[in-house]
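Subject: Structure for you to look at

Dear colleague,

Please find the structure below, with its sequence. My notes come after it.

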Amino acid sequence: MEQLTLTTDMILVLALIGLAVLLFVTEWVRVDLVGIMMMVLTPFLGLVKPAQAFAGLSSNAVVSIIAVMIIGAGLNRTGLVGLAVKPVLKLSHGKAKRVMVLVSATVAGISSIMQNIGAAALFLPAVQRISRNQMIPISRLLMPIGFAAILGGTTTLVGSSPLILLNDLIEPLGLAPFGLFSVTPVGVCLVGAGIIYFLVLGPWVLPQGQTPPAEELCHIHPIEGRHFEAVVPEQLPQSLTAEVMLRRYGVHLVGLVKGGGGEKIMAPDGRSVLYSGDLAALLGKPEGIDLLVRDFGLEVKPRLEVFAGDLSPQLWGAVEAVVAPRSELEGKTLGQVHFVSKFRLNPLAVYRGDTAHEVRLEAMELKSGDSLLMEGPWERFRILAEKGWLIFCTPVREEPPATGKAAVAAVWLAVSLVLIMGFQVSLGQGLLTGALGMLVCRVIPVGEAYQAVDWRTIFLLAGLMPLGMATLNTGTAAWVAQETLRILGHLSPLAVLAVVGLLSTAFTLVVSNVGAVVLLVPIAVELALDAGADPRLAALAVGLATSNSFILPTHQVNALYMGPGRYHSLDFIKAGLPLSLVFLVVMLAVLYLLY
């Protein structure tokens, strides 16, 4: 075979790959911006045609990922996923190992048809509740369950973004596409190996907490006072602000309607000024309200009227939560993170030890273990809970599932699978049909469907695809494969898969799994062809091994569970490094024996 020499175009492609990896590792810019940057630079440098640079936005892989996210949100919204959770938790009987095995297997199954971050987030409140009620250290539960969610993404071709993308990457290479369940034997073995790993080695590789975090840290403080509704008079003796009401009278401004008929603002910030004719919702003790009325002449209504619906127990409530260790709130003030404007919640007090702080909370630097007493809409508390900044001591009212649409959601999921498996339609077309069916039948509102899509992943994927094309078109992939073989010598087919698996595992720790699969598939295929191995298996090894992301908390699921589980990076290394080796051994064995 003719020896390839390094060309200017190859150097440009390698430089772009290096730039992308550098930006992924340093996080100087968001990952989706890195993708858009590659989309813009590759045609400017003449590495791909402009039409190729933007082809990723309409690719089968991008459409498939969008559709999977919408379908997953629809299944979650109707309570179908929740129905699978309840019997699993009941069967576990509160036993730590049984909880771990049953929940891990269920999470893995759900991850096969919806994004693994969604499956992991779905089980987080339930696992936290079990941890508190059964006094099982949460650090012994969350990591195995989170790793199972990642492994579950390897059981079908729609389980993870890299596998969804795989067929689009191998099509230009003239390789036959994979079917929906082509990866299932490997994925099932990987899930089983992961569960067995924690069953056998869990006591040695998992941190052994003493008691659940919430049990250690929570000391529930009641809210003092009740809600009132008041009208600001025409004449005020002096300026009346939310800060003045709180500092002098201990009264919180909960809601505000400007001029009595303007826009309703819930959880206004402390700088809000009240003017003549404004209608205010207040929280305070009756004696504080009486003093406020005496000094400013407010007209207090006998009952809530305009704010009655907003402050109903179904929509509004109070929650106490503790600043978690290594939380993003630690060492910062509520003002610095724009807490009120971002979450539209009212901080009522911060408890540090036996001391209660109620004034100028936005300027108070928070410490691990500080307890925040807040009130606001339940939907905003659910958004805050997803951040993982706080350990919630009081339960957040769950959004009632739209159970009336559960059967409709199940039908459209089945339609998608039948179209893909029975009628051989493309992955994107079949999944988008299911997503469209859910939207038309109002299983999920259109606005909520747009919110369910992780647009950062979409633009990252679409933006990196032209870089993958450039790697192939310029001969860069072939040159890298040639040099790898020159350094390592002749490799057997199994050795090729091992090299590909190790490279993919290393890349996915510092680069997103989407980025890793786009960059490595062309190289892996060329490497396999040069070594006389099966190029489809090499590409599949990349798609699978980019889920081998356990050693560092860089994967979304690991990042989600790190705060609630009170894990350190060393905890992931200790438990994740042996599991990564098990992953590679099992993957190589199954690929070699079955394929």
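The notes below go through a sheet, the salt bridges, two backbone angles, a buried leucine and a surface patch. Please keep in mind that this is a predicted model.

The sheet

Five strands make up an open sheet, and their order is β4-β3-β6-β1-β7. Pairing in the sheet is antiparallel. The edges are β4, residues 264–266, and β7, residues 299–300, each of which pairs on one side only. At the β7 end, the neighbour is β1, residues 226–231, and two bridges join these antiparallel strands. One bridge partner pair can be named: Val231 is matched with Glu299 in β7.

A helix also belongs in this picture. α13, residues 286–296, lies across β1, β6 and β7. Relative to β6, which spans 279–284, the helix runs at about 140°.

Salt bridges

The count of salt bridges comes to 10. Side chains of opposite charge can pair when their charged atoms come close. I describe some of the pairs here.

Lys258 and Asp278 meet through their side chains in a salt bridge, with 2.9 Å from N to O. Lys258 is in the loop between β3 (252–257) and β4, while Asp278 is in the loop between β5 (273–274) and β6, so the salt bridge ties together parts that are 20 residues apart in sequence. The two partners fall into separate accessibility classes. Lys258 has a relative accessible area of 30% and is partly exposed. Asp278 has 2% and is buried, because buried means under 20% relative accessible area.

Arg294 and Asp295 form another salt bridge, in which the closest N and O atoms are 3.0 Å apart. Here Arg294 is exposed, at 60% relative accessible area, whereas Asp295 is partly exposed, at 31%.

There is also a network of salt bridges that links Glu229, Lys301 and Glu305.

Arg360 pairs with Glu243, and the closest N and O atoms of this salt bridge are 3.4 Å apart. The pair links distant parts of the chain, 117 residues apart: Arg360 is in the loop between β10 and β11, and Glu243 is in helix α12, residues 242–249. Both ends are partly exposed, with a relative accessibility of 47% for Arg360 and 31% for Glu243.

Backbone angles

Arg360 comes up again for its backbone. Its phi is positive, at about 50°, although Arg360 is not a glycine. The loop that holds Arg360 runs between β10 (355–357) and β11 (371–377).

Arg344 is a second case, with a positive phi near 55° in a residue other than glycine. Arg344 sits in the loop between α14 (339–343) and β9 (346–352). With 27% relative accessibility, Arg344 counts as partly exposed. As background, most residues other than glycine have a negative phi. You may want to look at both arginines in the display.

A buried leucine

Leu579 is in helix α25, which covers residues 569–594. The relative accessible area of Leu579 is 3%, so the residue is buried. What does Leu579 touch, leaving aside residues up to four places away in sequence? The contacts are Phe147, Gly194, Tyr197, Phe198 and Phe550. For one of these, Gly194, the distance between C-alpha atoms is 7.0 Å, with the two positions 385 residues apart along the chain.

The surface patch

The last item is a nonpolar patch on the surface, with about 1,000 Å² of accessible area together. Its members are Leu33, Ile36, Val40, Phe44, Leu45, Phe54, Leu57, Val446, Tyr450, Trp455 and Phe459.

Which helices each supply at least two residues of the patch? These are α2 (31–44), α18 (446–452) and α19 (455–473). α2 gives the most, with four residues. Ile36 is placed in α2, and its relative accessible area of 31% makes Ile36 partly exposed. Patch residues need over 30% relative accessible area, so Ile36 meets that cut-off.

That is what I have on this structure for now.

Best regards

Definitions and conventions
Residues are numbered from 1 along each chain as its sequence is written. This is a predicted model: local features need pLDDT of at least 70, side-chain atom pairs count only at pLDDT 80 or more; totals for chains, interfaces and linings use all residues. Side-chain values use heavy atoms; hydrogens and water are left out. Patches are made of residues with over 30% relative accessible area and no salt bridge: like charges are joined within 9 Å, nonpolar side chains (Val, Leu, Ile, Met, Phe, Trp, Tyr) within 5 Å. Accessible areas come from the Shrake-Rupley method with a 1.4 Å probe; for residues, only the protein chains shown count as cover. A salt bridge is a side-chain nitrogen of Lys or Arg within 4 Å of a carboxyl oxygen of Asp or Glu. Buried means under 20% relative accessible area, exposed over 50%, partly exposed in between (1.4 Å probe, protein chains only). Two strands pair if DSSP finds at least two bridges between them. Contact means heavy atoms within 4.5 Å. Axes are lines fitted to C-alpha atoms, for helices over the stretch in contact, and angles run from 0 to 180 degrees between N-to-C directions.
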